[in-house]
Amino acid sequence: MGDNTFSFDAFAQHAFYNNVIRQLVTLANLKPGQRVMDLGAGTGAVTRLLVDKVAGQKGAEVIAVEPSSSALEIARQNLADIRGTLINFVQSKAEQLTDIVSKPMDAIFFCNAIHLVKEKARVVEEIWTSLRKGGVFTFNTTFFEGAEPPESQQFYKRWMLRALRLLKGRYDLSPTREKAEARQRLSEAEYEQLVQDHGFNVKSKEMVRVEMPMESFEDISGYELWIRGILPGIPLDIGAKVLKDALAETATELGLAFSPRNWLLMVAQKT
Ligand SMILES: C[S@@+](CC[C@H](N)C(=O)[O-])C[C@H]1O[C@@H](n2cnc3c(N)ncnc32)[C@H](O)[C@@H]1O
């Protein structure tokens, strides 16, 4: 069984999240019978949507690539009910994509993950090489300049301040100074430039504003990469606890049930 502790799975069940990834997959305009890749597949939420789009025609294939063995195991379990479409699960990273792609793909998705990558230019190059001419690279992120609307900033500020206070007060701990990759944000224009620099044409670009329920912030506070991003160097169980407690206090204090956030969606075609 895959270990669900500190996994992305609970967050990935939220309705608003599924709407965002559905919208992204729709933008890519996939056809039955295509061969597509879900890079950074996590626990398989996007993979399932891709199967729905390409299923029903000979040749359909979905490759789910994920570096975390525990996430990949959960993805296998989550998708165990799918019959009739070939899903290949591969433990690997975006930086090594060309090592695992033997035949050019029709589409490559990199969802909610590109911000985690340090060498973005290298990864875009790997994706370019792994696509057929006319194939599409589709990605989204909520870690870019402008992801948090101005009216949400008080919420984040208070939440983080309270989390740091709880961490210090209860455990006498402070995060290390290491800067998580997701904090080094690109703007929408920089993402566009990044793909254009590698010969892609931007086919679609959208900014989607969602109202995130407090329960989704609670669920993301139990996710390993979120905890490490905000509280580097802190043990995951302690990090999750202080983030959740600080969130509850902040939500009560500000009387919040939701907070807005923007997602950037982009589809780029190999020319
Ligand atoms: C926030 S989850 C998103 C999961 C899924 N793509 C979705 O949108 O629901 C980010 C995933 O990216 C993966 N990841 C992190 N660095 C990566 C890299 N260099 N190459 C490929 N995947 C990576 C993580 O292990 C994690 O499963």
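# Notebook: sheet, helix packing and selected residues

**Entry 1. The sheet.** I began with the strand order and found seven strands in an open sheet, arranged E3-E2-E1-E4-E5-E7-E6, with mixed pairing. At its edges I noted E3 and strand E6 (200–213), each of which pairs on one side only. Ignoring direction, I recorded an average turn of 15° between neighbouring strands of this sheet. I note here that the model is a predicted one.

**Entry 2. Strand pairs.** I then looked up two of the pairings. Strand E2 (residues 61–65) runs parallel to strand E3 (residues 86–90), and five bridges join the pair. Within this pair, I found Val-62 bridged to Ile-87 of E3. Strand E5 (residues 131–141) and strand E7 (residues 258–270) are antiparallel, with six bridges. Here I took Val-136 as an example, and its bridge partner in E7 is Gln-269.

**Entry 3. The connection from E2 to E3.** I asked which helix joins E2 and E3 in a β-α-β unit. The helix is H4 (residues 69–78), and the unit is right-handed.

**Entry 4. Val-90.** I located Val-90 in strand E3, which is an edge strand of the sheet. Is Val-90 buried, partly exposed or exposed? I classed Val-90 as partly exposed because 17 other C-beta atoms lie within 10 Å, whereas the buried class requires 20 or more. Setting aside residues up to four places away in sequence, I listed Ile-63, Val-65 and Ile-100 as the residues that Val-90 touches. I also checked Val-90 against Ser-204: the two are 114 residues apart along the chain, and their C-alpha atoms are separated by 28 Å. Ser-204 falls within the range of E6, the other edge strand.

**Entry 5. Thr-85.** I next turned to Thr-85, which sits in the loop between H4 and E3. Thr-85 has 18 C-beta neighbours inside 10 Å and is therefore partly exposed. Beyond its neighbours within four places in sequence, Thr-85 contacts Val-51, Val-54, Ala-55, Ala-60 and Val-62. For Val-54 I recorded a C-alpha to C-alpha distance of 8.2 Å from Thr-85, across 31 residues of sequence.

**Entry 6. Helix H3.** Val-54 led me to H3, where it is one of the buried residues. I found this helix mostly covered, with nine of its ten residues buried. The buried residues are Ala-45, Val-46, Thr-47, Arg-48, Leu-49, Leu-50, Val-51, Lys-53 and Val-54. After H3 comes Gly-56, and I recorded its phi as positive, near 95°.

**Entry 7. H2 against H3.** I looked up the packing of helix H2 (residues 15–27) on helix H3 (residues 45–54): the angle is about 40° and the axes are 10 Å apart. I therefore describe H2 and H3 as oblique to each other, since an angle under 35 degrees would be needed for roughly parallel. Their crossing is right-handed. On the H2 side, I listed Asn-18, Ile-21, Arg-22 and Val-25, which meet Ala-45, Val-46, Leu-49, Leu-50 and Lys-53 of H3. One general point bears on such lists: residues three or four places apart point the same way, because an α-helix has 3.6 residues a turn.

**Entry 8. H7 against H11.** I then examined H7 and helix H11 (residues 236–254), whose axes are 8 Å apart and make an angle of about 130°. This pair is therefore also oblique, because roughly antiparallel would require an angle over 145 degrees. I noted that H7 passes H11 in a right-handed crossing. From H7, the residues in the interface are Phe-155, Arg-158, Trp-159, Arg-162, Ala-163, Leu-166, Leu-167 and Tyr-171. From H11, they meet Ile-238, Val-242, Leu-243, Asp-245, Ala-246, Leu-247, Glu-249, Thr-250 and Leu-254.

**Entry 9. Positive phi outside glycine.** I closed with two backbone entries. Where does Asp-172 lie? I found Asp-172 in the loop between helix H7 (153–171) and helix H8 (188–197). Asp-172 is not a glycine, yet its phi is positive, about 50°. With 7 other C-beta atoms within 10 Å, Asp-172 is exposed. Phe-6, in the segment before helix H1 (9–12), likewise has a positive phi, near 60°, as a residue other than glycine. I counted Phe-6 as partly exposed because it has 18 C-beta neighbours inside 10 Å.

Note on methods
Residues are numbered from 1 along each chain as its sequence is written. This is a predicted model: local features need pLDDT of at least 70, side-chain atom pairs count only at pLDDT 80 or more; totals for chains, interfaces and linings use all residues. Helices (H or I, at least four residues) and strands (E, at least two) are DSSP runs, numbered from the N terminus. A residue is buried if 20 or more other C-beta atoms lie within 10 Å of its own, exposed if 12 or fewer, and partly exposed in between; C-beta atoms are placed from the backbone. Two strands pair if DSSP finds at least two bridges between them. A crossover is right-handed if, with the strands pointing away from the viewer, the path from the first strand over the helix to the second runs clockwise. Axes are lines fitted to C-alpha atoms, for helices over the stretch in contact, and angles run from 0 to 180 degrees between N-to-C directions. Angles under 35 degrees count as roughly parallel, over 145 as roughly antiparallel, 65 to 115 as roughly perpendicular and the rest as oblique. A crossing is left-handed if the near helix is turned anticlockwise from the far one by less than a right angle, and right-handed if clockwise. Two residues are in contact if their C-beta atoms, placed from the backbone, lie within 7 Å.
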